[in-house]
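Q: I have a structure in front of me and would like to learn how to read it. Can we go through it feature by feature?

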Amino acid sequence: MHALDIALGCKAAPHRSWLLVGAIVTGVTGGWMLADPGEWPGAAGTCLAQEFLGPTEIVASPDVGLLYVLCQDAARIAVVDRQKGELVRWIPVPASPSGMVLGRDGSKLYVTAGMGDGTVCVLDTASGNETARIPVGHSPCGPSLSPDEARLYVCNRFLNRVAVVDLASGQVTACVPVIREPIATAVTPGGKTVFVANFLPLDRADEFDVAAEISWFNADTLQGGRIRMPNGTTDLHDLKITSDGKHLVAVHLLARYQMPTTQLERGWMNTNALSVVDVEQHAWVNTVLLDDIDLGAALPWRVVCPGDGRVYVSHASSDEVTMVEWQPLLEKLASLPKEASSGVAYDGSQTSLTTSDVPNDLSFLVGLKQRFPIYGTGPYDYLEQPIDEVPKGPRGLCVVDGKIYTSVYFGNMLAVIDPAASPHRRVSYLRLGPKAQLSLERRGELFFHDAALCFQHWQSCASCHPDGRVDGLNWDLLNDGLGSPKNNKSMLLAHRTPPSMWEGVRPDGEAAVRSGIRHIQFAIRPEEDAAAIDAYLKSLQPIPSPYLVNGEWSEAARRGKELFSSNRLHCSQCHPEPLYTDLRKHDVNSRGKFDRASEFDTPTLIEVWRTAPYMHDGHYLTLEEVFREGRHGDVAGEVEKLTDQELHDLCEFLRSL
Ligand code: HEC
Ligand code: HEC
């Protein structure tokens with residue numbers, strides 16, 4: 001790697017501590033480096049220690065040229081002057097901030113924060129003062145404003161609902177149930193309809209069509225419906241409405257979970273997609289792939305429609321931003337014949353593609369999209385670069401005055417992409433704080449989210465294990481033989497609950513991590529990378545269950561606990577506290593038609609509220625079904641005899657873990 005020419009303001013003036021460093025990469029090798037000015041402004045003018053800021057979201061003020069960057073790990077917002085590349089100030093926010101939206105005139109910023117005790121905090125952007133804090137319930141995220149700014153719509157991710165906040169009174173006035181893990185909202189320009197991205201599918205995983213959906217509801221009646229995405233849709237991360245209000249775009253994975261995981265070529269396992277929805281009709285139009293035929297665009301994270309005739313997507317795992325030409329895309333989609341047999345477009349021209357082929361066509365966007373790596377000129381592998389030096393993990397995204405700004409989660413910085421510039425001068429960086437030396441855990445988090453670990457960058461571990469949890473799909477991994485698909489597993493407690501995998505084919509979490517790198521990502525990596533991933537996964541903490549009442553088990557859950565531990569049901573025989581597993585395999589009569597074994601590893605029950613569908617084959621959508629339909633744990637015929645109330649209590653207990 002070459003040392004690079006860097007345009008650095010701070011070298012000449014090492015003490016101008018309120019200035020950010022804009023570094024322009026001019027090297028030709030794709031490598032880069034940033035100088036560190038040594039001193040950084042803290043919240044009250046104090047110097048920032050080296051810390052992870054974790055910039056996750058970015059919004060631009062309408063006129064005054066400011067950027068607000070939500071730094072999740074530091075629980076602060078960086079206010080940046082765009083033109084000068086200067087950090088104007090820090091605004092503190094409540095712990096665990098998850099999302100934000102800026103009012104139309106730029107004077108108010110609404111930030112969602114917290115988990116069990118979720119709030120919306122309203123900030124006055126001029127003073128940085130918090131003017132209100134509104135309790136909104138568990139796991140708030142993905143806020144958006146009604147056009148008149150009377151209402152804020154906030155997802156309660158793990159309560160599977162959207163809270164409607166009346167901003168005048170500061171009250172939640174209604175809750176609209178949606179499907180599963182709502183994570184982002186978008187309101188039509190007239191305010192009539194609200195669309196909601198449901199992150200994960202809510203289907204039995206052993207069915208032939210498993211897909212996440214978009215919910216919508218009318219803002220007046222709060223009644224609405226659901227829009228099914230194509231088979232294999234999961235990790236539905238974000239959605240936006242185009243500036244003309246006619247379409248909605250959503251980004252997600254299109255998993256090829258029906259295929260055995262024998263290879264990665266051509267997106268054999270996971271492709272990365274953008275879906276188009278007709279706003280008026282509430283109807284799916286089509287899904288296009290953001291990947292190229294030999295290079296994945298892994299883990300689409302944010303999508304924006306800035307009104308410049310393009311749609312932009314950040315890719316958290318392949319370190320790039322995609323720019324899609326919007327009108328040409330619509331025209332190309334409209335020109336396709338709907339019937340698979342005809343091959344003739346509406347206008348009479350010949351075409352080899354039909355509407356239904358598009359989600360499988362890795363070349364559909366050729367000529368209609370450009371990919372901008374956030375470092376180097378791509379395609380790249382960071383293997384030659386010192387990892388602490390490389391900006392990785394673009395997440396937040398905004399486009400202003402023709403420049404693309406993305407917040408670099410692992411890098412304490414913004415990457416600024418100028419699509420009009422020549423490739424070698426296209427990317428510059430704005431540092432938000434000193435470079436933080438990556439801890440082992442953080443390094444593991446980076447690797448876990450990094451598609452550079454994967455042949456052709458199709459996916460990262462996080463593609464299948466978002467947040468270190470599940471994607472709601474069955475996968476036919478080869479470790480237990482071909483043709484026996486298994487439900488995905490959460491990484492939470494994986495290292496404390498050996499053996500690993502439903503059939504226990506890996507002795508422990510460590511072995512499972514290494515086999516994941518080698519046999520799913522088809523990568524050969526040094527042992528220290530695997531050790532870092534171990535450290536990250538071991539650091540995962542359970543989230544307080546959304547079924548707790550004021551942080552405590554409900555009455556029903558307490559009764560359920562009695563049942564669970566009773567001599568009548570014997571659940572705790574195989575699921576003993578504290579991890580609710582005896583770490584052994586048992587035959588519990590759950591063998592399905594694709595299985596070659598009858599014994600399965602007893603899973604932990606911690607966080608079982610979020611890991612549906614259930615059992616090794618994902619055959620049961622709800623816990624109730626596990627017992628009523630599957631008669632699981634019916635050692636002495638007692639499960640069958642449970643009254644509806646008792647079953648409810650038992651499941652409430654499980655959902656509280
Ligand atoms: C294509 C989707 C996919 C990808 C990509 C993937 N996994 Fe998995 N992973 C699974 C599935 C499915 C299971 C459960 C399989 C079973 O139990 O038989 C699993 C299980 C595991 C387990 C065992 C958990 C337990 O407690 O039993 C670990 C650990 C794991 N994966 C780590 C990783 C790591 C690390 C990566 C990246 C290097 C990775 N996975 C990439 C699908 C995936
Ligand atoms: C003989 C041991 C044994 C007993 C007794 C037992 N379990 Fe299980 N449990 C298992 C095994 C093994 C699995 C995994 C089976 C599979 O995936 O096919 C499992 C799976 C589960 C699951 C699904 C978890 C998931 O992530 O998919 C739940 C929930 C559960 N058990 C709760 C209970 C309750 C409640 C009882 C008492 C009524 C009970 N179990 C009794 C061994 C047992």
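Q: Which atom of ligand 2 does a polar side-chain atom of His575 lie 2.8 Å from?
A: A polar contact is a pair of N or O atoms within 3.5 Å. In this predicted model, the partner of the polar side-chain atom of His575 is a nitrogen atom of ligand 2. Two further side chains lie at 2.6 Å from an oxygen atom of ligand 2: Ser590 does so through a polar side-chain atom, and His616 also through a polar side-chain atom.

Q: How many residues surround ligand 2, and which are the closest?
A: The shell around ligand 2 has 24 residues, and the closest are Cys571, Cys574, His575, Ser590 and His632. By type, the shell divides into 15 nonpolar, 8 polar and 1 charged.

Q: Which helices and strands each supply at least two residues of the shell around ligand 2?
A: They are the helices α7 (571–574) and α8 (623–628), together with the strand β33 (599–601).

Q: How many residues surround ligand 1?
A: Here 23 residues form the surroundings, with Cys461, Cys464, His465, Met501 and Trp502 as the closest. The shell around ligand 1 is made up of 13 nonpolar, 8 polar and 2 charged residues.

Q: Which element gives the most to the shell around ligand 1?
A: Helix α4 does, with 4 residues. Elements that each supply at least two residues to this shell are α3 (461–464), β31 (486–487) and α4 (509–520).

Q: Which polar atoms lie 2.8 Å, 3.2 Å and 2.6 Å from atoms of ligand 1?
A: A polar side-chain atom of His465 is 2.8 Å from a nitrogen atom of ligand 1. For Lys489, a polar side-chain atom is 3.2 Å from an oxygen atom of the ligand. Met501 takes part through its backbone: a polar backbone atom lies 2.6 Å from an oxygen atom of ligand 1.

Q: Now a helix. Which residues of α1 are buried?
A: Buried means under 20% relative accessible area. In α1 (residues 326–334), Trp326, Leu329, Leu330 and Leu333 are buried.

Q: Why are these buried residues on the same side of α1?
A: An α-helix has 3.6 residues a turn, so residues three or four places apart point the same way. In α1 the buried residues cover an arc of only 95° around the axis, which puts them on the same side of the helix.

Q: What do the buried residues of α1 pack against?
A: They pack against five strands by name: β19 (247–255), β20 (270–278), β21 (283–289), β23 (310–315) and β24 (320–325).

Q: How many residues of β20 are buried?
A: Strand β20 is mostly covered, with 8 of its 9 residues buried.

Q: In which sense do β19 and β20 pair, parallel or antiparallel?
A: The pairing of β19 with β20 is antiparallel, over 9 bridges. Strands β20 and β21 also run antiparallel, joined by 6 bridges. One of the bridge partners in β21 is Trp284, which is paired with Val277.

Q: How many residues lie between β20 and β21 in their hairpin?
A: There are 4 residues between the two strands, and His282 in the turn has a positive phi of about 55°.

Q: Is Thr188 buried or exposed?
A: Thr188 is buried, with a relative accessible area of 6%. The residue is found in the loop between β14 (182–187) and β15 (193–198). Leaving aside residues up to four places away in sequence, Thr188 touches Pro147, Thr193, Phe195, Ile241 and Val279.

Note on methods:
Residues are numbered from 1 along each chain as its sequence is written. Chains are lettered from A and ligands numbered from 1 in the order in which they are written. This is a predicted model: local features need pLDDT of at least 70, side-chain atom pairs count only at pLDDT 80 or more; totals for chains, interfaces and linings use all residues. Side-chain values use heavy atoms; hydrogens and water are left out. A residue is near a molecule or strand if one of its heavy atoms lies within 4 Å of it. A polar contact is a pair of N or O atoms within 3.5 Å; within protein, one must be able to donate a hydrogen and the other to accept it, and residues adjacent in sequence count only if both atoms are side-chain atoms. Ala, Val, Leu, Ile, Met, Phe, Trp, Tyr, Cys and Pro count as nonpolar, Asp, Glu, Lys and Arg as charged, and the others, Gly among them, as polar. Buried means under 20% relative accessible area, exposed over 50%, partly exposed in between (1.4 Å probe, protein chains only). The arc is that of the directions from the helix axis to the C-beta atoms. Contact means heavy atoms within 4.5 Å. Two strands pair if DSSP finds at least two bridges between them.
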